[in-house]
Structures are given as structure tokens and as C-alpha cells.
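I opened this model to look up its cysteines, a helix and a surface patch. My entries follow the display.

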Amino acid sequence: MKNAKWSGSPVLFILAGCYLLYLAWGLVRDILSGTVPDSRMMFIAIAAVVFAICGVVLLFQGLKGYRARSAAEEEEDPKKNGHESH
């Protein structure tokens with residue numbers, strides 16, 4: 001295994017991060033519009049913050065993994081870099 005630290009698909013991490021950020025935004029929007037009952041306001045606010053933090057982490061991990069995978073593919077394929085060997 002080349003990279004044991006990174007075993008997931010970067011695209012899935014990016015999509016999951018975006019989805020969590022979307023969910024966090026929906027919760028914040030509901031809080032701001034007043035549709036959340038006062039008894040659940042704190043729980044929803046905490047959930048929104050947790051979703052946002054996890055979403056940002058997953059998004060950056062996915063982008064980092066995508067760049068690392070792209071760089072590794074460029075190193076493996078010399079034709080893409082213009083260094084053809086005859």
C-alpha cells in the first residue's frame with residue numbers, strides 16, 4: 001500500500017464536506033428564521049456548529065488528498081510531464 005494514511009476517495013470526502021456544510025447552513029437558516037422551537041434552539045445550534053466544523057475538515061482533507069493524488073499520478077506518468085523516453 002503506497003499511502004496508508006490516505007485510504008479514502010478524495011471526491012467522497014469533498015462531497016461529504018459540502019453536504020455537511022449544506023446541512024449546517026440549513027440549520028442556521030432555520031434558527032435565524034425562527035422556525036426552531038426555543039426548547040431545541042441550543043441543541044440545533046450545537047449541531048450546526050459541529051456539522052460546519054466537520055464539513056470544513058472533510059472538505060480540506062478531500063482537497064488535500066485530491067492534490068496529493070494528482071501530484072502522485074503526474075510523477076508516475078512521465079508522458080504528462082513532457083519527459084518521454086525513447
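The entries below go through cysteines, then a helix, then a patch.

Setup. I worked on a predicted model, where local features need pLDDT of at least 70, side-chain atom pairs count only at pLDDT 80 or more, and totals for chains, interfaces and linings use all residues. Residues are numbered from 1 along each chain as its sequence is written, and side-chain values use heavy atoms, with hydrogens and water left out.

Cysteines. I searched the whole structure for disulfides (a pair of cysteine sulfur atoms within 2.5 Å) and found zero. I then looked up exposure, where buried means under 20% relative accessible area, exposed over 50% and partly exposed in between (1.4 Å probe, protein chains only). C18 is partly exposed at 38%, and C54 is partly exposed at 37%.

Helix 1. I took helices as DSSP runs of H or I with at least four residues, numbered from the N terminus. Helix 1 covers residues 10–33, 24 residues in total. I compared its expected span (1.5 Å times one less than its number of residues) with the model: 34 Å is expected, and the end C-alpha atoms are 34 Å apart, so the two agree. Its buried residues include I14, G17, L20, A24 and L27. Helix 2 (41–76) is part of their cover, by contact (heavy atoms within 4.5 Å). After helix 1 comes G34, with a positive phi near 85°.

Exposed residue. I noted L12 in helix 1; L12 counts as exposed because its relative accessible area is 57%.

Key:
Helix = DSSP H or I, 4+ residues; strand = E, 2+ residues; numbered from the N terminus.
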